[in-house]
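Colleague: I am still new to reading protein models, and I would love a close look at one part of this one. Could you take me through the salt bridges, and set them in their surroundings?

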Amino acid sequence: MKRLSWVEPGEIDALARDFFIHALVDMGACYILYDQSGLCICITSLPPRWQRNYSERPTDLVLFGPELASRLSAMRARLVNPGDKADLEIAIGDESIYEFRSHMVAIPGKGNYVIMSIADRSEERQRAKTLHSLLLEVSHRSKNLLAIVQGIASHTARFTGNLDDFLAKFRGRLYALAQSQDLVTASSWRGADFLELAKAQIGRYTAANPDAITLESEPINLTPNAATHLGLALHELVVNAITNSEILTEKNAVLVQCHRIDTPEGQRIKFRWVEKLRPNVIEQSDWTQHFSSTVLQRIVPAALGGYAVNRVEDNCISYELTFPLEGRP
């Protein structure tokens, strides 16, 4: 047993007793002192659930009830010699967790006593549980992201003919993925607002002509998965537009819309990218190839549980993506 660093000889008993009891009460520390027969000698700051108006001398049975009193008695029975320690953790209900720690001490001239502390560990355990859940979620999402990156790499390599072309496309798609993830992370993984997502994906390409692309959308919060894949689709669409036409030099050359629609299967999100057709710039039949990449036609729709459609009409060509409101997790 550790001794006090210093004490005035002859002054310890009554003065120190009061000093330490008041100190423990001020700290809110709960301690119970038991004598050799197991009777309570002193109690400080008992947790509210066990506080009593004592009409009789407090005992474990009076304080804690028969079940817990029996477990505490068994715990103290394991203490044989001064310095022995034992502990017990109990769960009460769904959320409350308390830790009981017992320590046998020898008080010169008095005999052996047991000091038991009671600490509420509910908040600490809840934090640990929450942290564990967050780590599992991070692990799950990290695996999903790695799978997406692997898919992007495989798809990009399959449809590029040289290393420079591969690196340019792969870096662009990774940047688009990172932009979407920044928005999702900022929302604590609740998702991303469509307009914020669209501006993040398109803005870097339209800085010289902000009026080239018009955005129309009601407030729509996309799930993390929807934000990730729709961000890739937006990147693919704007890069296609830059590569295959001169839309970024015009005004209102592209209309981007995103709205909720009602279907027999329930509410869906409908995303549209509409580009103006310009005569004599490219054969109209070739424009259907404009939106035919694997990312737009297969990867994104499959990831969202939806479908994509290309249309050529009214001097415009459009890409439409329809998927469930909740998307996939």
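**A close look at the charged pairs**

Modeller: Happy to! Let us begin with a bond that is absent: this predicted model has zero disulfides. A disulfide is a covalent bond between the sulfur atoms of two cysteines. Take Cys40 as an example: its closest cysteine sulfur belongs to Cys42, and at 9.7 Å that is too far for a bond. Cys40 is buried, at 6% relative accessible area, while Cys316 is partly exposed at 21%.

Now to the part you asked about. Side chains of opposite charge can pair when their charged atoms come close. The structure holds 13 salt bridges, and Glu320 is a good place to start.

How far apart are the closest N and O atoms of Lys270 and Glu320? They are 3.6 Å apart, and the two residues form a salt bridge. Lys270 lies in strand S10 (residues 266-276) and Glu320 in strand S12, so this pair ties together parts of the chain that are 50 residues apart in sequence. Glu320 also meets the side chain of Arg272 in a salt bridge, with an N to O distance of 2.9 Å. Here again distant parts of the chain are linked, since Arg272 is in strand S10 and Glu320 in strand S12, 48 residues apart. Are these side chains buried or exposed? Glu320 is buried, with a relative accessible area of 7%. Its partners are partly exposed: Lys270 has 27% relative accessibility and Arg272 has 22%.

Strand S12 covers residues 316-324, and Thr322 is found in it too. Thr322 is buried, at 6% relative accessible area. If we leave aside neighbours within four places in sequence, the contacts of Thr322 include Lys270, along with Ile261, Arg268 and Tyr307. Links between distant positions also show up across the protein chain: among contacts with a separation of 6 or more, 53% join residues 24 or more positions apart.

Next, look at Glu99 and Arg101. Their side chains meet in a salt bridge at 3.4 Å, N to O. Glu99 counts as buried at 10% relative accessibility, whereas Arg101 is partly exposed at 46%. Both belong to a network of salt bridges that also links Glu89, Arg121, Glu124 and Arg125.

To place that network, it helps to know the sheet. Five strands form an open, antiparallel sheet in the order S2-S1-S5-S4-S3. Strand S2 (40-44) and strand S3 (85-92) are at the edges with a single partner strand each, so one side of each has no neighbour in the sheet. From one strand to the next, the twist averages 15°. Within the sheet, strand S1 (residues 30-34) pairs with strand S5 (residues 111-120) over five bridges, and Ile32 stands opposite Met116 in S5. Helix H3 (residues 66-77) lies across S1, S3, strand S4 (96-107) and S5, and runs at about 160° to S3.

Finally, step back to the whole protein chain. Its secondary structure comes to nine helices and 12 strands. Of its 329 residues, 38% count as buried. The chain exposes about 19400 Å², and carbon and sulfur atoms supply 53% of that area.

Technical notes:
Residues numbered from 1 in each chain as written. Predicted model: local features only at pLDDT ≥ 70, side-chain atom pairs only at ≥ 80, totals over all residues. Heavy atoms only, no water. Pairing = 2+ DSSP bridges. Helix = DSSP H or I, 4+ residues; strand = E, 2+ residues; numbered from the N terminus. Axes fitted to C-alpha atoms, helices over the stretch in contact; angles between N-to-C directions. Contact = heavy atoms within 4.5 Å. Buried < 20%, exposed > 50% of the residue type's maximum accessible area, 1.4 Å probe, protein only. Areas by Shrake-Rupley, 256 points an atom, 1.4 Å probe, with all protein chains shown as cover. Disulfide = S-S within 2.5 Å. Salt bridge = Lys/Arg side-chain N within 4 Å of Asp/Glu carboxyl O.
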